[in-house]
Amino acid sequence: AEKLLEIRKLTAGFLTENGVVKATDRISLSIGKGQTVCLVGESGSGKSVTSLAIMRLIDYAGGMIMEGNITFRGQDLTTKKQEEMRHIRGNQVAMIFQDPMSALNPVFTVGEQIAESLRLHQNKNADEAWSMAVDLLKLVGIPAPEIRAKQYPHELSGGMCQRVVIAIALACNPEMLIADEPTTALDVTVQAQILDLLRKLQAELGMSILLITHDMGVAAEMADRVAVMYAGAIVEEGPVEDIFNQPSHPYTVGLLQSIPGFEGERGGELYTIQGTIPPIGQLPSGCRFHPRCPHATEVCRQKEPPEFMIGADHRASCWLYEDKPVHIGDDHSSR
Ligand code: SF4
Ligand code: MG
């Protein structure tokens, strides 16, 4: 697919008492038009920081972009002024988060909140905005939208509120939606309904989606491509079929083995990856995964693995693939 967003060697971090800590470390990722890319990993791996960095919201979170480029529709977002970023955030890229209640204003009806967005971003007058708001509520699958539009967030369930948040996101007619754990706070049936809704909207509207999730099952259902993030780095990336059929990085394999019902599951017992993710700023030497890796050898403890090509369009940063003939990316091993 034609590229809509291209992230190249992006390092973003925070200034702390102990100096600068990197929350993402030279990550590269691209999203094609109409594609869904899932960024998966445990919490604390840098997924949310990545999305904040793309939208330059990291500037407000006390962080900064230290290196790399983010190209969106041919323009580099890393050098944009916040004023220009506000325009991009309001009109071209929308974001939704885990907790719909914190995205909604409790003192306005949901219809008013959607209509407000339409007035701001699509210059609609009050009547047009209201009737489009009702249409959007219908589009996101809310029954009796005329009645619901006049209700306040607390009168709606969590799942309904997330549908409203999605409607507000759609009101800016975005080319890309960044969804950070959009279903994590919802119960399982509602979660499936929201994922169905996102799939349906993508098919109808053709937008690109960057979906951030800790859940490999969600990635399996939603993704065209999957990027696995660990301790600030993308350790494996490729088409969804490759990631599930030929998971190559030991961390990806561990994540898959911890999904209930996955064939790699051992003797009916859920596998958990031993150990915990290192805190940012406290990376181990060599491969960042080595303290938890069942395959670690001496080289892993000493040298950071570069990216190796596993397939035509599938890469992993792991020394196990050193003898594969094809090898791309910079060699970081001398650092
Ligand atoms: Fe494990 Fe070594 Fe591969 Fe790192 S480079 S994931 S420690 S085998
Ligand atoms: Mg997060």
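**Close-up views of strand β9**

**View 1. Strand β9 is largely enclosed by the rest of the structure.** In this predicted model, β9 covers residues 225-230. Six of its six residues are buried, so the strand is largely enclosed. Arg225, Ala227 and Met229 point one way from β9. Val226, Val228 and Tyr230 point the other way. Residues on both sides are buried.

**View 2. Strand β3 pairs with β9 in the parallel sense.** Strand β3 spans residues 36-40. Four bridges link β3 and β9. Cys38 stands opposite Val226 of β9.

**View 3. Strand β10 runs antiparallel to β9.** Strand β10 takes in residues 233-239. Six bridges join β10 to β9. Tyr230 has Ala233 of β10 as its bridge partner. The hairpin of β9 and β10 has two residues between the strands. Ala231, in this hairpin, takes a positive phi near 45 degrees.

**View 4. Val228 belongs to the largest nonpolar core.** This core has 91 residues. Ala133, Ala167 and Val228 have the most contacts inside it. Helix α7, residues 158-170, supplies the largest share of the core, nine residues. In soluble globular proteins, nonpolar side chains tend to be buried together.

**View 5. Contacts surround Val228 of β9 in the sequence-distant set.** Residues up to four places away in sequence are not counted here. Val228 touches Val40 and Gly41. Val228 also touches Ile234, Val235, Glu236 and Glu237. Its other contacts are His249, Tyr251, Thr252 and Leu255.

Definitions and conventions: Residues are numbered from 1 along each chain as its sequence is written. Chains are lettered from A and ligands numbered from 1 in the order in which they are written. This is a predicted model: local features need pLDDT of at least 70, side-chain atom pairs count only at pLDDT 80 or more; totals for chains, interfaces and linings use all residues. A residue is buried if 20 or more other C-beta atoms lie within 10 Å of its own, exposed if 12 or fewer, and partly exposed in between; C-beta atoms are placed from the backbone. Two strands pair if DSSP finds at least two bridges between them. A nonpolar core is a set of buried Ala, Val, Leu, Ile, Met, Phe, Trp, Tyr and Cys residues joined through C-beta atoms within 7 Å. Two residues are in contact if their C-beta atoms, placed from the backbone, lie within 7 Å.
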